[in-house]
Amino acid sequence: MRLLVGKISENPGLLDTSELLRPEEALKDKEAFRDYNKDDELGARVKRTYYEMHSNQSVDFVASKHEKWLKFNHMEATVMEALDMLNELVDESDPDLDLPNIVHAFQTAERIREVHPDKDWYHLVGLIHDMGKIMAFYGEPQWAVVGDTFPVGCKFAPSIVFGEDSFKENKDVKDERYNTDLGIYKEGCGFENVTMSWGHDEYLYQVLRNHMAKVGTKIPR
């Protein structure tokens, strides 16, 4: 591994709201999958993370993250080095359950292989899908790394987790360029032309898109 920019944190705290209620066997008897209405301390932390995310993920914020991260100049690493790096994340989502990110990566890949044995590309996607979380080592707040993604530059859909109330502090809600159904987009513009909120999913997509283009391969959004 070669670090091109020094890490800010060796053990970043990370509340991964997208991992809280995974459907692994270890959790099935304890939790309902993706229950965002838990009335306890954990549920409050999940809600707070999403409200911070939805308040701050504006068009300008996403553009600033593109400027910072899409130079692809923070680190060079193999897949296994990046996965090992994620084991240093302190997952605050469940202090009673020890489930490192690398375990989840292999569980996901093996489960996909069990269901789709002939789709080796799909096994790889399952293995690497969380690697974008390395941003946490470079000072990104939790709400800019974890959780679900959504389009920016247009009206926020009421179907997004925690709904419209969670976006009321987002500055784009009051910006006439962005607060209509289409916003900055044209109908039928294509998903590849939509700007998504910033997080580990979008970052990994952009990394793969950049690197695969160098070898003449395109990746669908």
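In the predicted model, the side chains of Asp130 and His200 are joined by a polar contact of 3.3 Å. A further polar contact, of 3.1 Å, links the side chain of Asp130 to that of Lys133. Asp130 is situated in the loop between helix H6 (120–128) and helix H7 (200–213). With a relative accessible area of 7%, Asp130 falls under the 20% limit and is therefore buried.

Helix H6, which precedes this loop, also contributes buried residues, namely His123, Gly126, Leu127 and Ile128. The cover over the buried residues of H6 includes helix H4 (79–86), helix H5 (101–115) and H7.

Salt bridges number 9 in the structure. One of them pairs the side chains of Glu140 and Lys65, with an N to O distance of 3.0 Å. Because Glu140 belongs to the loop between H6 and H7 whereas Lys65 belongs to helix H3 (residues 59–69), this pair ties together parts that are 75 residues apart in sequence. Both Glu140 and Lys65 are buried.

A salt bridge within helix H5 joins the side chains of Glu114 and Arg111 (3.4 Å, N to O). These two residues are 3 residues apart in H5, and so are separated by about one helical turn. Glu114 has a relative accessibility of 57% and is therefore classed as exposed. The side chains of Asp165 and Lys168 likewise form a salt bridge (3.4 Å, N to O); Asp165 is partly exposed, at a relative accessible area of 40%. Through salt bridges with shared partners, Lys65, Lys68 and Glu140 are joined into one network.

Definitions and conventions. Residues are numbered from 1 along each chain as its sequence is written. This is a predicted model: local features need pLDDT of at least 70, side-chain atom pairs count only at pLDDT 80 or more; totals for chains, interfaces and linings use all residues. Side-chain values use heavy atoms; hydrogens and water are left out. Helices (H or I, at least four residues) and strands (E, at least two) are DSSP runs, numbered from the N terminus. Buried means under 20% relative accessible area, exposed over 50%, partly exposed in between (1.4 Å probe, protein chains only). A polar contact is a pair of N or O atoms within 3.5 Å; within protein, one must be able to donate a hydrogen and the other to accept it, and residues adjacent in sequence count only if both atoms are side-chain atoms. Contact means heavy atoms within 4.5 Å. A salt bridge is a side-chain nitrogen of Lys or Arg within 4 Å of a carboxyl oxygen of Asp or Glu.
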